[in-house]
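Colleague: I would like to learn to read a fold from its contacts. Where should we begin?

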Amino acid sequence: MNESAHESTDVVSILTDDHREMLELLSRAETTLDADDRRDLTDAAIAEVMRHAVAEEMFVYPEMEKHLPGGTEAVEHDKEEHDEIVQVMKQLEGADAASAEFTSLVKKLEDLLRHHADDEESEQFPALRTHLGHDRLVEVGTKVQAAKKLAPTRPHPSAPHSELFHKTVGPGIGMVDRLRDALTGRRTD
């Protein structure tokens with residue numbers, strides 16, 4: 001296996017790429033003049049944020065709690081940030097994409113995501129690389145990729161941020177979300 005193939009399945013590389021993609025979609029949503037494009041770009045970002053967050057909570061956070069010094073506290077902090085992000089995404093679902101409120105919420109979501117990504121990339125991801133071997137990072141990356149395929153694509157503010165919930169109930173919620181997305185023509189990629 002060549003190095004780029006290793007990197008593509010390393011959980012840190014996967015999550016870092018997710019951050020870039022989400023922030024790029026939101027940046028494009030902020031700058032487009034077309035309200036339909038703004039909605040499509042924002043919906044795609046929301047779907048990616050949900051898939052990313054659920055996969056983190058299922059497979060990355062347990063690794064952090066088990067292997068990183070201060071991991072439990074870092075996970076609690078991250079879950080609080082996920083709550084804030086989900087609340088803003090829920091507000092975006094009901095907002096008119098042509099309104100100033102929508103643009104303001106997109107900017108708020110982008111700011112929250114940028115802060116969250118910066119925390120993870122500057123502190124947590126290097127710690128994961130230090131405390132987990134390459135093979136374990138690849139193994140977790142494979143699990144994260146699989147989880148993202150089944151995860152919800154819409155914000156569910158009352159859903160708990162727990163590994164058990166995501167592994168048992170999450171795939172059903174994800175299936176309903178993907179069906180709703182298909183029926184409404186909502187962009188999720």
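**Reading the cores**

Modeller: Begin with the largest nonpolar core, which has 24 residues. I85, M89, L92, L109 and L113 have the most contacts inside this core. Bear in mind that the model is predicted.

Colleague: Which helices supply at least two residues each of this core?

Modeller: Those are α2, α3 (35–67), α4 and α5 (100–131). Apart from this core lies another, of 22 residues. V60, V144, A147 and A151 are among its members.

Colleague: What is the general idea behind such cores?

Modeller: In soluble globular proteins, nonpolar side chains tend to be buried together. Here, 49% of the 189 residues of the protein count as buried.

Colleague: How many helices and strands does the protein have?

Modeller: There are 8 helices and 0 strands. From the N terminus on, the order of elements is α-α-α-α-α-α-α-α.

Colleague: How do I tell whether contacts join distant parts of the sequence?

Modeller: Look at the sequence separation of the contacts. Take those in the protein with a separation of 6 or more: residues 24 or more positions apart account for 78% of them.

Colleague: Let us take single residues. Is M89 buried or exposed?

Modeller: M89 has 0% relative accessibility, and buried means under 20%, so M89 counts as buried. M89 lies in helix α4 (residues 71–94).

Colleague: Which residues does M89 touch, not counting residues up to four places away in sequence?

Modeller: M89 touches I46, V49, M50, L109 and P155. Compare I85, again leaving aside neighbours within four places in sequence: I85 is in contact with V49, L109, L112, L113 and H116. V49 and L109 appear in the list for M89 and in the list for I85.

Colleague: How far apart are M89 and R154 in sequence and in space?

Modeller: They are 65 residues apart in sequence. C-alpha to C-alpha, M89 and R154 are 8.3 Å apart in space.

Colleague: Now a residue with a polar side chain. Why does T42 count as buried?

Modeller: T42 counts as buried because its relative accessibility is 0%. T42 lies in helix α3. A polar atom of the T42 side chain lies 2.7 Å from the backbone oxygen of R38.

Colleague: What surrounds T42 beyond residues up to four places away in sequence?

Modeller: T42 touches A29, L92, F102 and V106. T42 and L92 are 50 residues apart in sequence, yet 8.3 Å apart in space, C-alpha to C-alpha.

Colleague: Next, helix packing. At what angle do α2 and α6 pack?

Modeller: Read the angle together with the distance between axes. Helix α2 (residues 11–31) and helix α6 (residues 134–150) pack at about 40°, with their axes 7 Å apart. The two helices are therefore oblique to each other.

Colleague: Which residues make the contact?

Modeller: From α2 come V11, V12, I14, L15 and D18. From α6 come L137, V140, G141, V144, Q145 and K148. By class, this contact has 7 nonpolar, 2 polar and 2 charged residues.

Definitions and conventions:
Residues numbered from 1 in each chain as written. Predicted model: local features only at pLDDT ≥ 70, side-chain atom pairs only at ≥ 80, totals over all residues. Heavy atoms only, no water. Axes fitted to C-alpha atoms, helices over the stretch in contact; angles between N-to-C directions. Helix = DSSP H or I, 4+ residues; strand = E, 2+ residues; numbered from the N terminus. Parallel < 35°, antiparallel > 145°, perpendicular 65-115°, else oblique. Contact = heavy atoms within 4.5 Å. Nonpolar A, V, L, I, M, F, W, Y, C, P; charged D, E, K, R; others polar. Buried < 20%, exposed > 50% of the residue type's maximum accessible area, 1.4 Å probe, protein only. Core = buried A, V, L, I, M, F, W, Y, C linked by side-chain atoms within 4.5 Å. Polar contact = N/O pair within 3.5 Å; in protein donor to acceptor, adjacent residues only side chain to side chain.
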